[in-house]
Amino acid sequence: MGNVLSLFQLLRSVAGILILYGVFKFAEIYYNQWTSPIRDLPGPKSPSWLWGNIWEISSDPPTIQEKWVEQYGLTIKYKGFFGMTRLFTTDPKAIGHILMNSQEYQKPEHLRYVWDQIVGSGLLVVEGEKRKQQRRVMNPAFGAAQIRELTEIFIDKSAELRDAWTREIAKQGEYGEVEVLGWLGDATLNIIGVAGFNHHFDNLGETPKPDDFYEAFLLVLEANKGLVLGFLRSMFPLFRLLPNTRRAEVRKAQATMARVGNQLLREIKARGVDPEQAAKKRRDVLSLLVQANMSKEIPESQRMSDEDVLAQLPTFIIAGHETTSIATTWALYALCRDQEIQKKLREELISVPTENPTMDDLNALPYLDSVIRETLRLFPPQVSALRIATRDDVLPLSKPFTDRRGRVQEGLSIRKGQILTIPILNLNRAKWIWGKDAVEFRPGRWASVPEAALAIPGTWGNMMSFLGGPRACVGYRFALVVMKALLFTLIRSFEFKLAVPVEDVAKDEMIMQRPVLKSDPKRGSQMPLLVKPVSQS
Ligand code: HEM
Ligand SMILES: *[C@@H]1O[C@H](CO)[C@@H](O)[C@H](O)[C@H]1NC(C)=O
């Protein structure tokens with residue numbers, strides 16, 4: 001009896017502490033709100049004290065936000081849950097400032113915590129000096145010369161995918177229905193495995209094999225997914241003290257990934273010592289990282305530990321596999337919607353005399369390049385990014401604004417702790433940059449890039465899809481050549497049509513822009529297409 005009572009008392013005091021902590025947190029947040037310099041920004045009225053503008057936005061974020069921008073200007077505020085003020089800017093100068101000063105504008109801790117639980121301290125997670133150090137070692141491994149060497153792998157894997165689809169279609173008749181998103185996901189996973197760390201995920205053959213590394217990876221991902229507690233843990237660090245029921249399982253899975261990773265690392269290092277082995281060129285990113293780590297140009301203190309290098313393997317998978325397959329899927333979708341564009345692209349690709357083009361062959365195809373640019377502009381897999389200001393600052397603006405009190409402001413004061421959304425999709429399709437047809441898929445527009453687009457602070461292609469500044473996507477060259485290799489092989493071999501009415505296709509725009517079907521939401525993201533071998537004449 002006494003035990004039960006003291007347990008009860010313990011629970012009561014724990015609950016008491018949690019409530020106090022909650023009250024304190026909310027008081028802190030609201031105090032910051034009421035005194036924040038962004039509260040005088042213009043912006044839409046909030047229809048609800050509870051939902052703020054979230055409800056309106058959730059139906060079609062980019063369109064609603066674009067309406068606000070037209071009405072109130074490039075830099076506005078709106079309301080989130082419980083009346084919390086959110087800052088929204090599509091001013092390229094402000095965004096450039098945030099991205100270029102990546103040491104001051106970091107990823108919010110709650111995001112880094114979530115990624116850390118899943119992949120450990122790889123590039124997606126680390127900040128400060130450690131990040132600089134990791135990027136210094138990794139940038140060269142993703143350079144153009146290195147990707148040129150990997151192109152053969154990309155083409156081989158694209159051909160495996162083509163053969164798999166040929167088998168699928170042969171079972172069905174003239175046109176076969178293929179769920180292309182899932183298949184492309186398998187293909188890009190396979191590509192990242194081999195090109196990233198010389199690991200073969202055998203998932204495209206006639207009898208796909210289960211893979212220890214990938215199963216462990218999926219388990220960790222799954223165990224960290226959308227649970228209420230997971231959310232609370234990420235937002236309120238006190239909850240991280242509560243025991244995690246799946247911890248043992250997750251530990252075991254992480255140990256499996258570490259075992260496979262260490263084995264790969266040992267093999268690479270063993271070859272480094274054996275000159276005969278080392279002469280046989282190894283080109284995967286992991287081998288390059290080990291080499292770069294030994295290079296005399298990198299001082300001993302700047303080298304990466306084995307643990308840090310191994311954390312990059314699941315990082316590559318998380319950052320590179322689904323992003324690339326989603327983008328390629330949207331490319332096929334866009335080509336289905338405009339058969340003329342599909343035909344024109346096929347003509348260009350068929351004119352290439354070889355099935356095994358090099359990176360330079362692929363990059364010399366202008367229409368393929370325009371189709372990829374237009375796809376990444378309109379369908380950036382990641383639609384926005386988040387940053388937090390680590391000190392008070394003034395954001396420079398390309399257009400001054402008039403605040404609610406009628407004062408003209410040249411810059412925007414923000415406070416330490418301010419969360420900022422980088423609107424990738426909004427800038428990619430802003431009408432004031434791209435013109436009236438900004439939301440239309442028109443590869444031809446790349447023949448002459450509008451003057452205003454030159455101001456966009458993106459790393460690649462006058463767009464934000466790979467972000468910009470020192471923290472931009474390290475794998476963008478890799479991703480572009482993979483997409484080109486896949487489209488080259490697939491569009492030469494097949495004709496594509498949508499398998500469902502176009503109105504049925506929707507975008508799930510939470511963080512990743514995945515395709516879903518309105519008629520079949522349960523199945524999650526998917527893109528069924530009708531696929532037919534190109535008729536040989
Ligand atoms: C179409 C495909 C891809 C797109 C659209 C894309 C986009 C992005 C974006 C927007 C970021 C910044 C994220 C943020 O800070 O919020 C990023 C970061 C990153 N990406 Fe990619 N990515 C793609 C493919 C890849 C590939 C293939 C790899 C590697 C094999 C890769 C590796 C990374 C890594 C490691 C980071 C973190 C960089 C850092 O924080 O320093 N990505 N990517
Ligand atoms: C990088 O170099 C350091 C110092 O020489 C070494 O301890 C470490 O194992 C190396 N890491 C990798 C992944 O090669």
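1. C473 is partly exposed, with a relative accessible area of 32%. This falls in the intermediate class because the value lies between the 20% limit for buried residues and the 50% limit for exposed ones. The structure is a predicted model, and the remarks below should be read accordingly.

2. C473 sits in the loop between α19 (431-434) and α20. The SG atom of C473 is the only protein donor of the iron atom of ligand 1, at 2.3 Å. C473 is also among the closest residues to ligand 1, together with R131, R135, R387 and R471.

3. Several side chains place polar atoms close to oxygen atoms of the ligand. For R387, a polar side-chain atom lies 2.8 Å from an oxygen atom of ligand 1. For R471, an N or O atom of the side chain is 2.8 Å from an oxygen atom of ligand 1. For Q382, the corresponding separation between a side-chain N or O atom and a ligand oxygen is 3.1 Å. The elements that contribute two or more residues to the shell around ligand 1 are α6 (128-138), α14 (306-337), β5 (384-389) and α20 (476-493).

4. The composition of the shell also deserves comment. In total, 25 residues surround ligand 1, and these divide into 13 nonpolar, 7 polar and 5 charged. Helix α14 supplies the largest share, with 5 residues.

5. The cysteines should be considered with regard to disulfides. A disulfide is a covalent bond between the sulfur atoms of two cysteines. The structure holds 0 disulfides. As to accessibility, C336 counts as buried because its relative accessibility of 8% is under the 20% limit, whereas C473 is partly exposed at 32%.

6. A further point concerns S287, which is found in helix α13 (residues 285-294). S287 has a relative accessible area of 3% and is therefore classed as buried, the limit being 20%. The side chain of S287 makes a polar contact with the side chain of D284, at 2.9 Å. With residues up to four places away in sequence left out of the count, S287 touches I268 and R282.

Key. Residues numbered from 1 in each chain as written. Chains lettered and ligands numbered in written order. Predicted model: local features only at pLDDT ≥ 70, side-chain atom pairs only at ≥ 80, totals over all residues. Heavy atoms only, no water. Helix = DSSP H or I, 4+ residues; strand = E, 2+ residues; numbered from the N terminus. Buried < 20%, exposed > 50% of the residue type's maximum accessible area, 1.4 Å probe, protein only. Polar contact = N/O pair within 3.5 Å; in protein donor to acceptor, adjacent residues only side chain to side chain. Contact = heavy atoms within 4.5 Å. Near = heavy atom within 4 Å. Nonpolar A, V, L, I, M, F, W, Y, C, P; charged D, E, K, R; others polar. Donors = N, O, S within 2.8 Å, 3.2 Å for Na, K, Ca; no water. Disulfide = S-S within 2.5 Å.
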